[in-house]
Amino acid sequence: MIYLKTQEEVELLRENNLLVSATLAEVAKHIKPGITTLQLDAIAEQFIRSHGAVPGFLGYGGFPNTLCVSVNEQVVHGIPSDYALREGDIVSVDCGTIMKGFYGDSAYTFAVGRIAPEVQKLLDVTKEALYKGVAQAKAGNRVGDISAAVQEHAETNGCSVVRELVGHGLGRNMHEDPEVPNYGARGRGPLLKEGMVICIEPMINLGTKYVVFERDGWTVRTRDRKPSAHFEFAVAIGKQGADVLTDFGIIENALKA
């Protein structure tokens with residue numbers, strides 16, 4: 001069942017997703033060698049609660065923390081721990097909120113200090129793939145148009161696309177229909193209609209597309225242990241195109257400060 005949102009509901013989703021962006025910006029200020037992923041998690045939880053919201057991931061399906069923090073070869077759903085970030089790491093931070101009955105959900109992959117050129121390229125290609133997907137998120141297109149745009153950009157640039165994990169609808173539930181894969185064929189899949197809100201979230205690997213699910217029941221990593229990157233937008237489908245509810249500008253301004 002795909003739920004179409006009213007403009008008022010879209011604005012509540014925007015409010016949540018801007019708070020997620022602000023939380024990721026607050027986390028960004030602290031990403032440096034020596035900080036633990038658990039410390040980042042505590043910063044995010046305090047920030048979310050101080051703004052009148054509740055962490056969306058904490059307890060969701062039994063997940064134990066506020067953030068999913070995935071380092072290097074971890075693709076998604078990494079559990080915060082005592083691991084201290086090191087120079088040259090990359091760290092994907094996925095964050096969710098609940099406020100006024102709706103969810104926010106977004107992710108950003110950060111460099112820790114100076115990273116290898118090929119890893120920087122992975123980050124650039126993954127973020128570019130996100131924007132390629134967003135450009136297809138308009139009423140009258142199909143989910144496959146988004147999927148194909150992401151896949152084509154990633155593979156043209158020598159990267160691979162994770163198959164087991166996908167984007168999704170967003171609203172009063174964290175995960176709603178439709179699923180939004182990062183691979184597929186143009187003209188296929190559910191029709192995009194005005195009022196749909198979806199999360200587009202490329203998960204792109206430097207090596208092969210194959211992943212392993214760790215024994216902790218959450219963490220997904222690349223089979224070849226090469227780095228993976230993850231960027232995620234919440235997007236409302238409009239007649240003229242995508243209304244992006246997430247704001248990476250807030251995060252990137254924090255990184256420049």
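**Exercise 1. Classify F248 by accessibility, then describe its ring partner.**

Step 1. F248 has a relative accessible area of 2% and is therefore buried (buried means under 20% relative accessible area, exposed over 50%, partly exposed in between, with a 1.4 Å probe and protein chains only). The model is a predicted one, in which local features need pLDDT of at least 70 and side-chain atom pairs count only at pLDDT 80 or more, while totals for chains, interfaces and linings use all residues. Residues are numbered from 1 along each chain as its sequence is written, and side-chain values use heavy atoms, with hydrogens and water left out.

Step 2. F233 also counts as buried, at 3% relative accessibility.

Step 3. The ring centres of F233 and F248 are 4.5 Å apart and the planes stand at 45°, so this pair is tilted (rings of Phe, Tyr and Trp, the last by its six-membered ring, pair if their centres lie within 6.5 Å; planes under 30 degrees apart count as stacked, over 60 as edge-to-face and the rest as tilted).

Step 4. F233 is in strand β14 and F248 in helix α5 (residues 248-256), so the pair ties together parts 15 residues apart in sequence (helices, H or I with at least four residues, and strands, E with at least two, are DSSP runs numbered from the N terminus).

Step 5. Leaving out residues up to four places away in sequence, F233 touches L130, Y131, V134, I198, C199, I200, V244, T246 and F248 (contact means heavy atoms within 4.5 Å). Between F233 and P202, 31 residues apart in sequence, the C-alpha to C-alpha distance is 9.5 Å.

**Exercise 2. Find the aromatic pairs and characterise the one formed by Y108 and F231.**

Step 1. Searching the whole structure gives seven aromatic pairs.

Step 2. In the pair of Y108 and F231, the centres are 4.9 Å apart with 80° between the planes, which is edge-to-face.

Step 3. The pair links distant parts of the chain, 123 residues apart: Y108 belongs to strand β5, and F231 to the loop between β13 and β14 (233-237).

Step 4. Y108 is buried, with a relative accessible area of 5%, and F231 is buried at 1% relative accessibility.

Step 5. Ring pairs join Y108, F110, Y131, F231, F233 and F248 into a cluster.

**Exercise 3. State the volume and lining of the largest pocket and of the second largest pocket.**

Step 1. The volume of the largest pocket is about 410 Å³. A pocket is found on a 1 Å grid over the protein atoms alone, as an open set of points where a 1.4 Å probe fits, with protein on both sides within 12 Å along at least five of seven lines; lining residues have an atom within 4 Å of a point. Grid points are joined across faces, edges and corners, and the volume is the space filled by probe spheres set on the points.

Step 2. The largest pocket has 22 lining residues, and H77, V166, H168, H175 and E201 lie nearest its centre.

Step 3. Both β7 (167-169) and β8 supply at least two residues of this lining, and β8 gives the largest share, four residues.

Step 4. The lining of the largest pocket divides into 11 nonpolar, four polar and seven charged residues (Ala, Val, Leu, Ile, Met, Phe, Trp, Tyr, Cys and Pro count as nonpolar, Asp, Glu, Lys and Arg as charged, and the others, Gly among them, as polar).

Step 5. The second largest pocket holds about 220 Å³ of space. Of its 13 lining residues, Y108, T109, F110, A111 and L255 are the closest to its centre.

Step 6. β5 (102-111) and α3 (117-135) each provide at least two residues of the second lining, whose classes are eight nonpolar, three polar and two charged.

**Exercise 4. Locate the backbone features at P178, N72 and R225.**

Step 1. The peptide bond between D177 and P178 is cis, with omega about 5°. P178 lies in strand β8 (residues 176-180).

Step 2. N72, a residue other than glycine, has a positive phi near 55°. N72 is placed in the loop between β2 (67-71) and β3 (74-76).

Step 3. R225, also a residue other than glycine, has a positive phi near 60°. R225 sits in the loop between β12 (220-222) and β13 (228-230), and its relative accessibility of 48% makes it partly exposed.
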